[in-house]
Amino acid sequence: MTAPDLPAELKSALDAKLQGLSRNDAAGRAAVISQTYRDGGGSGTIRSEADALAYALARMPATYAAVTASLNALREIRPDFAPKDLLDVGAGPGTATWAAAEAFSSLQDFTLLDANRALRALALDLGGGNGRLRGMRYQHGEARAELARAEAADLVVASYMIGEIGDAERKTLAELMWAKTRDTLLIVEPGTPAGYARILALRAQLIASGAHVAAPCPHNDKCPLTAPDWCHFTQRLPRSRAHKQLKSAELPYEDEKFAYVALTRAPVAQRPARVLAQPDVSKVEVTAKLCTARGLVIARVPRRAKADYAAARRWRWGDAVMGES
C-alpha cells in the first residue's frame with residue numbers, strides 16, 4: 001500500500017517553492033484560508049502565489065494522506081483495478097492527482113479541473129518536473145462547465161470539494177461526475193458529521209443511478225449508524241518542520257479525519273466488513289465495531305480462540321476484515 005506522507009519528489013518541489021517565504025506570513029495566510037473553509041467558504045481567498053503556497057503547506061499533507069488511505073482501501077478490495085486515465089475534479093494544487101499517480105502505476109493520462117488560477121499555477125509548477133505528471137491537462141473553470149467538456153476517465157476523484165457548493169449544485173455535479181466515470185468514482189470529504197452527511201447523500205443518489213459501493217461499506221444498503229455516531233476514519237501522517245512551524249504544533253505527527261466512498265460501475269467481487277472505530281483490546285477479548293453486510297455488529301473475539309484473537313489484535317480503525325461480512 002502507498003505511504004501516507006508526501007512523495008519525496010513532491011516534498012522537494014514544495015521545499016524549492018518555499019525558499020525565501022516568510023513562515024509568519026504563510027502562517028497568517030493559512031489561518032485566514034482555514035477559517036474560511038471552516039465557515040463554509042471555498043478557495044476564493046486563495047488569490048496569489050503566496051496564498052497558494054500557504055494553503056499547500058498547511059493542507060496538502062493531510063489531504064494527500066486522506067486520499068491515499070481511501071485509494072489504499074479501494075486497492076485492497078480491487079487489487080486488479082488498473083486505471084489508465086484520471087479526472088481530478090476541484091483539483092486545487094493537484095494533491096489527489098499525486099496520490100492517484102503513486103497508487104496506480106497504470107495511470108498515464110491526467111486531467112485536472114478547478115476554477116482557482118493560483119492553485120492551478122502551483123499544481124502545474126509542482127508537477128512540471130515529474131515524468132508522468134508533466135503532461136497533465138489542467139482546465140481552468142467552474143466544475144460543472146469543465147466536467148461537461150471533459151472526456152470520461154477510468155478513475156474520477158473529487159477530494160475535499162463538494163462541501164464548497166450548495167445542495168442543488170452538488171446533486172447536478174454528482175450526476176455529471178458519474179456520467180464521466182468509466183469505472184470508479186472516489187469522493188473524499190472531511191471526517192465531520194457534515195462531511196459524512198454529504199457523502200451519504202451522494203452515495204444514495206448514485207446508487208439510485210446504478211452505482212455499486214466498493215468501499216468503505218460492505219453493502220449498498222442504508223448506513224446502519226445513527227446520530228450522534230457517524231462514519232469516518234483517521235490517518236496519521238508525519239509533520240515536517242515547516243508544517244509544525246506553520247501550525248504552531250509541537251507533535252511530530254497529525255491525525256487527519258476523513259470520510260469517503262468509492263463507487264463502481266460493476267459490483268465488486270468481495271466486500272469485507274469494515275472496522276468503524278479503534279478496537280478495544282484486553283487480556284480477555286477483542287471488541288470491535290464492524291459494519292457488515294448484515295448491518296452494524298459488535299464483534300467479540302475471545303482470547304481462548306487463539307488464532308482469531310491474534311488476528312483481531314491486529315485490527316485497526318478503517319481496516320477491511322475478511323470473513324466477517
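Which residues of α4 are buried? The points below take up this question and a few others about the model, which is a predicted one.

1. Helix α4, which covers residues 95-103, is mostly covered, since eight of its nine residues are buried. The buried residues are T95, A96, T97, W98, A99, A100, A101 and A103. They pack against three helices and three strands, namely α1 (8-18), α3 and α5 (117-127) together with β1 (85-89), β2 (109-114) and β4.

2. As for the overall form, the chain contains ten helices and 13 strands. Its radius of gyration is 20 Å, which agrees with the value near 20 Å that a compact globule of 325 residues would have. Along the principal axes, the C-alpha trace spans about 60 × 45 × 35 Å. Buried residues account for 52% of the 325 residues, and, among contacts between residues at least 6 apart in sequence, 72% join residues that are at least 24 apart.

3. The surface and the charges can be described briefly. The accessible surface of the chain is about 14600 Å², and 50% of that area belongs to carbon and sulfur atoms. The chain carries 43 positive and 36 negative charges, and the mean positions of these two sets lie 4 Å apart.

4. The largest nonpolar core has 67 residues, and the members that touch the most other members are L71, F104, F110, L155, V188, F258 and Y260. Helix α3, residues 49-77, gives the most to this core, with 16 residues. A second, separate core holds 27 residues, among them M161, L176, A211 and A259.

5. Y260 deserves a look of its own in the viewer. With its neighbours within four places in sequence left aside, Y260 is in contact with S70, A73, L186, I187, V188, I199, A215, P216, F233 and R274. Two of these partners, A215 and P216, are themselves joined by a cis peptide bond, with omega about 0°. P216 lies in the loop between β6 (212-215) and β7 (233-238).

6. Which other peptide bond is cis, and where is its proline found? The bond from A227 to P228 is cis, with omega near 10°, and P228 is likewise found in the loop between β6 and β7. Most peptide bonds are trans, which is the reason for pointing out both bonds here.

7. The backbone at Y160 also merits attention, as its phi is near 55°, a positive value in a residue other than glycine. Most residues other than glycine have a negative phi. Y160 sits in the loop between β4 (153-159) and α7 (167-179). Is this loop residue buried or exposed? Y160 counts as buried because its relative accessibility is 15%, and the cut-off for burial is under 20%.

8. V284 is placed in the loop between β10 (280-281) and β11 (285-292). V284 is exposed, because its relative accessible area is 60% and the cut-off for exposure is over 50%. When neighbours within four places in sequence are left aside, V284 is in contact with V301, P302, R303 and Y309. A262 is 22 residues away from V284 along the chain, and the C-alpha atoms of the two are separated by 36 Å.

Notes. Residues numbered from 1 in each chain as written. Predicted model: local features only at pLDDT ≥ 70, side-chain atom pairs only at ≥ 80, totals over all residues. Heavy atoms only, no water. Helix = DSSP H or I, 4+ residues; strand = E, 2+ residues; numbered from the N terminus. Buried < 20%, exposed > 50% of the residue type's maximum accessible area, 1.4 Å probe, protein only. Core = buried A, V, L, I, M, F, W, Y, C linked by side-chain atoms within 4.5 Å. Contact = heavy atoms within 4.5 Å. Rg over C-alpha atoms; globule rule 2.2 N^0.38 Å. Areas by Shrake-Rupley, 256 points an atom, 1.4 Å probe, with all protein chains shown as cover. Lys, Arg positive; Asp, Glu negative; His and termini not counted. Charge placed at Lys NZ, Arg CZ, Asp CG, Glu CD.
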